[in-house]
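I am opening my notebook on a structure that is new to me. I will write down what I look up, one topic at a time.

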2 protein chains.
Amino acid sequence: MGKCDQCIVREFSALKALNKDELVKLADCKTSYTVKKGDIIFEEGDTLDGIFCIKDGVCKLTKLSSNGKDQIVKLVTKGELLGQRSLISEEPANLGAVALEDMQVCFVPKSQVMEFFNVNNKFSLNMMKNVCHDLKEADNVLVNLAQKSVKERLAATLLYLHDAFGINEDESLKIQLSRDEISSIIGTATESCIRLLSDFNKNGWIELNGKKIILKDKKELRKLAE
Amino acid sequence: MGKCDQCIVREFSALKALNKDELVKLADCKTSYTVKKGDIIFEEGDTLDGIFCIKDGVCKLTKLSSNGKDQIVKLVTKGELLGQRSLISEEPANLGAVALEDMQVCFVPKSQVMEFFNVNNKFSLNMMKNVCHDLKEADNVLVNLAQKSVKERLAATLLYLHDAFGINEDESLKIQLSRDEISSIIGTATESCIRLLSDFNKNGWIELNGKKIILKDKKELRKLAE
DNA sequence: TTTAAAATATGATATTTGTCATCCTTTAGT
DNA sequence: ACTAAAGGATGACAAATATCATATTTTAAA
């Protein structure tokens, strides 16, 4: 089993507040495992008895709407934690988590998280700040969904994917999403999304090559996204 | 100056965790004041050096979109706190707060809130739970904005206003919003909102009388809102 | 490798929603 | 009470977006 004190991604989450002793405890109780692309980490409504620390890979947090379509609420990547809200609220998960790539994940049982809560104030504060940050982001996404057109949201989303996940040597976006998934982020019909991507392509703002997307004119995209 | 230990609304917020001594401290440092309908409590981008406890009245939390329109992100009413996220994140306010009715508000300086944070674990946990609840709600609103039609959102909003703020003796919704404000909740053009309200009226689902709105067929509205 | 299924693409069309113009009604200030 | 300004209502039309059909390409399984 890996030692948590040598895990780099710890530095990016609330866990960075833990001291050496606490890290040993963490390493003792955690379960480390791999998740294949497409696998479900947890489902909406599941009772979580712990949190997940993402060591590598990206997953989507989704919620099923009453119209039968899934909405992607957030993408979560290495260094971030999953399931904190559910744990703190003592409620079932409000969102489901599905791997977008092969992932490495550690599961930390609730009892241990709660102990850290009680003995390490910095840890609590970090966790609280994370939730606050998520809230701010959710509010911002909410406003964009309410006030911006699909075209604007697509441009904004492409830029977000670029900035948050980076690009390959060939300049294509590192994170590969299906058209359906992109639609599910911007909240539109798949066909509308495909059509707009084609338009962006024809206008020279992006370049499409199968699932690969290259942002050719970020300035124009930024203007569009406002 | 009012004594906080006799304030009923305290029971509805994180402040319920405070003990007698802490309540005396709170009463000593707080500022109590009234806010007139339409008045700004704080603006987006303001640096808040404290939190607001709503003793009476309702306000809206809004964010200005780049298209120049305001989006109402949340309605906040008596017993709830304002500015917690900003305080915890140590960031300027992400949303602005404007009174929808005459209000009574208490301001509690940051230093005092932070002291409670350090000495009263229950208080911190309550606050954390509040933020988590807000996050869950924001995610749910986000999904509805992305996946539901304007008609569905209007029906859902009317039911929400009914359930959250209650009705008068004449059965009309207690909270009075302008058509513009309702539009700003559901994220649509004012004219579209007015038109749909007229439709709902003609269908007998609601009854319009000036600013008064009576829900006549909640079952049908619920079916619409899904 | 072959083949079925899934994903992507595109046209045609319907529906939803926004915009602009105009008129009516209510509200607030003198 | 009068009047200007704001809010509300409605028609006509334009634009955005969804839906349905179908063709093509890619992917994954036998």
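**Entry 1: cavities**

I began with the second largest cavity, which has a volume of about 50 Å³. A cavity here is a set of points on a 1 Å grid over the protein atoms alone where a 1.4 Å probe fits but cannot get out, and lining residues have an atom within 4 Å of a point. Volume is the space filled by probe spheres set on the points, with grid points joined across faces, edges and corners. Rolling a probe the size of a water molecule over the atoms shows where empty space is left.

I listed the lining of this second largest cavity: B:L161, B:L173, B:I175, B:Q176, B:L177, B:I182, B:K211, B:K212 and B:I213. I sorted that lining by class and got 6 nonpolar, 1 polar and 2 charged residues. (Ala, Val, Leu, Ile, Met, Phe, Trp, Tyr, Cys and Pro count as nonpolar, Asp, Glu, Lys and Arg as charged, and the others, Gly among them, as polar.)

How many cavities of 30 Å³ or more does the structure hold? I found 2. The largest has a volume of about 60 Å³. Its lining is A:L161, A:L173, A:I175, A:Q176, A:L177, A:I182, A:K211 and A:I213. By class, I noted 6 nonpolar, 1 polar and 1 charged residues there.

**Entry 2: ground rules**

I noted that this is a predicted model, where local features need pLDDT of at least 70, side-chain atom pairs count only at pLDDT 80 or more, and totals for chains, interfaces and linings use all residues. Residues are numbered from 1 along each chain as its sequence is written, chains are lettered from A and ligands numbered from 1 in the order in which they are written, and side-chain values use heavy atoms, with hydrogens and water left out.

**Entry 3: the two copies**

I laid chain B on chain A: the RMSD is 0.0 Å, after a turn of 180° and a shift of 0.0 Å along the axis. The two copies are therefore related as by a two-fold rotation axis. (The superposition is by least squares on the C-alpha atoms of residues with pLDDT of at least 70 in both.) The same surface serves both copies, as 100% of the contact residues of chain B recur in chain A. Contact means heavy atoms within 4.5 Å.

**Entry 4: DNA strand C**

Which residues come nearest to DNA strand C? Of the 16 around the strand, they are A:R179, A:R195, A:S198, B:V150 and B:T188. (A residue is near a strand if one of its heavy atoms lies within 4 Å of it.) Sugar and phosphate make up 54% of the strand C atoms that come within 4 Å of the protein.

I then looked up polar contacts, pairs of N or O atoms within 3.5 Å. An N or O atom in the side chain of B:T188 is 2.3 Å from a phosphate oxygen of DNA strand C. For A:R179, the distance from such a side-chain atom to a phosphate oxygen of this strand is 2.9 Å. B:R195 has a polar side-chain atom 3.0 Å from a base oxygen of DNA strand C.

By class, the surface near DNA strand C has 3 nonpolar, 5 polar and 8 charged residues.

**Entry 5: DNA strand D**

Of the 16 residues around DNA strand D, I found A:V150, A:T188, A:S192, B:R179 and B:S198 nearest. Sugar and phosphate account for 55% of the strand D atoms within 4 Å of the protein.

B:R179 has a side-chain N or O atom 2.8 Å from a phosphate oxygen of DNA strand D. For B:R195, a side-chain N or O atom is 3.0 Å from a base nitrogen of this strand.

Key. On a 1 Å grid over the protein atoms alone, a cavity is a set of points where a 1.4 Å probe fits but cannot get out, and a pocket is an open set with protein on both sides within 12 Å along at least five of seven lines; lining residues have an atom within 4 Å of a point. A polar contact is a pair of N or O atoms within 3.5 Å; within protein, one must be able to donate a hydrogen and the other to accept it, and residues adjacent in sequence count only if both atoms are side-chain atoms.
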